[in-house]
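Thanks for coming. I will go through one structure this morning, piece by piece, and you can follow along on the screen.

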Amino acid sequence: MANIKDVAKAAGLSVSTVSRVLNNRGYISEETRKNVYDAMAQLNYKPNEIARSLFRKKSNIIGLIIPNVSHPYFSELASYVEACAYAHGYKILLCISNLNKEKEKDYIDMLNRNQVDGLIMGSHTLETDEYLNLEPLVVSLDRRISSQIPAISSDNYLGGKLATEHLIAKGCKSLVNICGNLSLELLPNLRNKAFREVAEENNVKHMTIETDIDVFDRRRYEVIANDLIENYPDVDGVFCNSDIIAAHVIKACLKNGKRVPEDIKVIGYDDIGYAALYYPSITTIRQPMEDMAKTAVELVLALIQQETVTCENILPVQLIERKTT
């Protein structure tokens, strides 16, 4: 297996010059850089990234922890984070917490040991102090961990307001919001707050149905949707906290002979790729996932450069009307 001395010999350069090329230190002519890269390719030499990161005190790796990768919202979000990080010369180390406290802590410890330069938290189950004491620079995505940790989210309250107002404007008289478990105290709970306030302001009958603590259990979505349609025949407007939940509600409507949107109007949230492809295509609140991911990466990079950043970063949402309303 080739080493740095072999590369230096093949390139006709000193070991120190090859080291400067690998670590991007000091002035290096394009010719010298090319000679080193050509020698590396010829010898199939792979630099020891761990050793380089220890030397430079910089790994060019950002950790990303999300609760679930099978959920389309998080898979799309992670994809955007990776693309943006890569464009800035960084790699992503992806960890899936499944909302498990011990698993999340193990992943955070692992990321610390691997000396990631920064950490984007799309999941949090630990106590606030445990995040504040982390060595990597931390930003949170779609949740607020602490006023000291920069957070990025869409305007959840506005999203809930737009969805509820739209259902009322379409003539709905009995509304339901199917949301995550409100005991988790996450930013998306603001959607339900807006739902209740707008419904009360307009004297519209309404109720809230919460998922279990495992807010990504699709089997539970199916049970909730079927129970709703079978047991609440007067409901004519359903606001769902995700497009996946909305799809289950539409399926339950069809199963029970309810027409969408004639008998029941349905609004989702997120505007994942499947929302427009589903039949009927789902009216939804679009979160700017690409912009959220870009902002998260840029905040991490700004912290790495020891720049001052804004701790509250709320991005606008948009109502996308399709066939379910």
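**Helices, sheet and core**

I will start with a helix pair: helix α1, residues 4-11, packs against helix α3, residues 30-43, at an angle of about 120 degrees, and their axes are 9 Å apart. That angle makes α1 oblique to α3. The crossing of α1 past α3 is right-handed. As for who meets whom, α1 brings D6, V7, A10 and A11, and on the α3 side they meet N35, V36, A39, M40 and L43. Before I go further, please keep in mind that this is a predicted model.

Now the sheet. It is an open one with 6 strands, and the order is β7-β6-β8-β9-β10-β12, with mixed pairing. Which strands sit at the edges? They are β7, residues 205-210, and β12, each of which pairs on one side only. On average, neighbouring strands in this sheet are turned by 20 degrees against each other, ignoring direction.

Let me take the end of that order with β9, β10 and β12. Strand β9, residues 265-270, and strand β10, residues 283-286, run parallel and are joined by 4 bridges. If you want to find the register on screen, I267 has T283 in β10 as its bridge partner, and G268 stands opposite T284, also in β10. On to the next pair: β10 and strand β12, residues 318-320, pair in the antiparallel sense over 3 bridges. There, R286 has Q318 in β12 as its bridge partner.

One helix to look at against this sheet is α11. α11 lies across β6, β8, β9 and β10, and runs at about 155 degrees to β9.

Next, the interior. As a reminder, in soluble globular proteins nonpolar side chains tend to be buried together. Here the largest nonpolar core has 53 residues, and the members that touch the most others are I120, I178 and V249. Where does this core draw its residues from? At least two residues each come from β1 (61-66), α5 (72-87), β4 (137-141), β6 (174-179), α10 (218-231), β8 (237-240), α11 (243-255) and α13 (289-304). The most comes from α13, which gives 10 residues.

Take I120 as an example. Not counting residues up to four places away in sequence, I120 touches I62, G63, L64, I65, V81, V139, L141, A296, V297 and V300. Another core lies apart from the largest one; this other core has 13 residues, including L175, F195, Y269 and V317.

A polar residue to look at next is N156. N156 sits in helix α8, residues 156-169. Is N156 buried or exposed? Its relative accessible area is 2%, so N156 is buried. Leaving aside neighbours within four places in sequence, N156 is in contact with D142, L187, P188, L190, R191 and Y269. Y269 is also among the members of the 13-residue core I just mentioned.

Last, some backbone details, beginning with cis peptide bonds. One joins V260 and P261, with omega about 15 degrees. P261 is in the loop between α11 and β9. Another cis bond joins Y279 and P280, with omega about -5 degrees. For P280, the place is the loop between α12, residues 273-277, and β10.

Then there are positive phi values in residues that are not glycine. D271 has a phi of about 60 degrees, and it is in the loop between β9 and α12. Q306 has a positive phi too, near 60 degrees, and lies in the loop between α13 and β11, residues 312-315. What is the relative accessibility of D271? It is 12%, and the cut-off for buried is under 20%, so D271 counts as buried. Q306 is exposed, because its relative accessible area is 74%, and the cut-off there is over 50%.

To recap: α1 is oblique to α3, the open sheet has 6 strands, the largest nonpolar core has 53 residues, and another core of 13 residues lies apart from it. That is all from me.

Note on methods: Residues are numbered from 1 along each chain as its sequence is written. This is a predicted model: local features need pLDDT of at least 70, side-chain atom pairs count only at pLDDT 80 or more; totals for chains, interfaces and linings use all residues. Side-chain values use heavy atoms; hydrogens and water are left out. A nonpolar core is a set of buried Ala, Val, Leu, Ile, Met, Phe, Trp, Tyr and Cys residues joined through side-chain atoms within 4.5 Å. Buried means under 20% relative accessible area, exposed over 50%, partly exposed in between (1.4 Å probe, protein chains only). Contact means heavy atoms within 4.5 Å. Two strands pair if DSSP finds at least two bridges between them. Axes are lines fitted to C-alpha atoms, for helices over the stretch in contact, and angles run from 0 to 180 degrees between N-to-C directions. Angles under 35 degrees count as roughly parallel, over 145 as roughly antiparallel, 65 to 115 as roughly perpendicular and the rest as oblique. A crossing is left-handed if the near helix is turned anticlockwise from the far one by less than a right angle, and right-handed if clockwise.
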